[in-house]
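Biologist: I would like to learn how to read a model like this one, starting from the whole chain and moving towards single residues. Could you take me through it feature by feature?

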Amino acid sequence: MRYFRFSTLILAASLAASSAPAQTATPKPPAAAPVIPAAAQKPGKPVDALFGALKRERNPGKARGIASQIIADLNDSGSATVNLLMQWSATAIKEKRNAAALDFLDQVTVLDPAFAEGWNRRATLHYTMGDPRKSMADIAEVLKREPRHFGALAGMAGILTEAGKDELALKAWQDYLAVYPADRDAQEAVTKLSEKLAGNRT
């Protein structure tokens, strides 16, 4: 669906960011990934400054660059084990081994439930596997942890649009634009939904 191409593009960037370190790593995933306590999240949240810059930026090209930096930052859990599981999930998704990818992501959410990107990756995987209900449940978990997660907001907007819940979809896109105002595709989505809703009321 057209609206979901935003979150698909975000997922592609997310997979690229998480799999980049894996290019130098040769170990293959074991049958059961090691269960090691996840490291504490990095203090200070430097991503806050990037979100501030994204909110202020009005040039679409520059905003995309900032958004890519945010995605890379959100992909780093601060735990070597969790990051490795994310890399394995990215590889499994690319190879269309969805069951294996889901297993890795399940382990991520157990090892480090505070890591928003683990829930976001699993939300996207649930959607691609045809389960929007589970996808929305995971999106809710993402937004509890990081309300500015524009990838999760785009995914929510896409699912709501496909379900015909235009008013809720419009609200999700408006929340998205509050975080990422320079995204012209999202601006177009808001305009079209607003016009559709206005037409329905007349």
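**From the whole chain to single residues**

Modeller: Of the contacts in the protein with a separation of 6 or more, 63% are accounted for by residues 24 or more positions apart. Please keep in mind throughout that this is a predicted model.

Biologist: How many helices and strands does the protein have?

Modeller: The protein has 10 helices and 0 strands, and from the N terminus on the elements run α-α-α-α-α-α-α-α-α-α. Buried residues make up 47% of the 202 residues.

Biologist: How should I think about the interior, and which residues of the largest nonpolar core touch the most other members?

Modeller: The general idea is that in soluble globular proteins nonpolar side chains tend to be buried together. Here the largest nonpolar core has 39 residues, of which Leu54, Ile70, Phe150, Trp173 and Tyr176 touch the most other members. The elements that give two or more residues to this core are helix H2 (47–56), helix H3 (60–74), H6, H7, H8, helix H9 (166–179) and helix H10 (184–201), and the largest share, 8 residues, comes from H8. Apart from this core lies another, of 14 residues, among them Val82, Trp88, Leu105 and Val108.

Biologist: Turning to the pairing of helices, at what angle do H7 and H8 cross, and which residues make the contact?

Modeller: The axes of helix H7 (residues 132–145) and helix H8 (residues 150–162) come within 10 Å and cross at roughly 150°, and the crossing is left-handed. On the H7 side the contact is made by Pro132, Ser135, Met136, Ile139, Val142 and Leu143, and on the H8 side by Ala152, Leu153, Gly155, Met156, Ile159 and Leu160. Sorted by class, this contact has 10 nonpolar, 2 polar and no charged residues. As a general aid to reading such lists, an α-helix has 3.6 residues a turn, so residues three or four places apart point the same way.

Biologist: Does every residue of H7 have to be hidden, or what should I make of Ala137: is Ala137 buried or partly exposed?

Modeller: Ala137, which is found in helix H7, counts as partly exposed because its relative accessibility is 42%, a value between the limits of 20% and 50%. Ala137 and Met156 are 19 residues apart in sequence, and their C-alpha atoms are 10.0 Å apart in space.

Biologist: Which residues of H6 are buried, and why can H6 be called largely enclosed?

Modeller: H6 is largely enclosed by the rest of the structure because 12 of its 13 residues are buried. These are Ala116, Glu117, Gly118, Trp119, Asn120, Arg121, Arg122, Ala123, Thr124, Leu125, His126 and Tyr127. From its first C-alpha to its last, H6 reaches 19 Å, close to the 18 Å expected at 1.5 Å a residue. Following H6 is Gly130, whose phi is positive, near 85°.

Biologist: Could we take one residue from that helix, and what is Asn120 in contact with beyond its neighbours within four places in sequence?

Modeller: Asn120 lies in helix H6 (residues 116–128) and counts as buried because its relative accessible area of 7% falls under 20%. Leaving aside those sequence neighbours, Asn120 is in contact with Val142, His149, Gly151 and Ala152. Two of these names, Val142 and Ala152, also appear in the contact of H7 with H8.

Technical notes. Residues are numbered from 1 along each chain as its sequence is written. This is a predicted model: local features need pLDDT of at least 70, side-chain atom pairs count only at pLDDT 80 or more; totals for chains, interfaces and linings use all residues. Side-chain values use heavy atoms; hydrogens and water are left out. Buried means under 20% relative accessible area, exposed over 50%, partly exposed in between (1.4 Å probe, protein chains only). Contact means heavy atoms within 4.5 Å. Axes are lines fitted to C-alpha atoms, for helices over the stretch in contact, and angles run from 0 to 180 degrees between N-to-C directions. A crossing is left-handed if the near helix is turned anticlockwise from the far one by less than a right angle, and right-handed if clockwise. Ala, Val, Leu, Ile, Met, Phe, Trp, Tyr, Cys and Pro count as nonpolar, Asp, Glu, Lys and Arg as charged, and the others, Gly among them, as polar. The expected span of a helix is 1.5 Å times one less than its number of residues. A nonpolar core is a set of buried Ala, Val, Leu, Ile, Met, Phe, Trp, Tyr and Cys residues joined through side-chain atoms within 4.5 Å.
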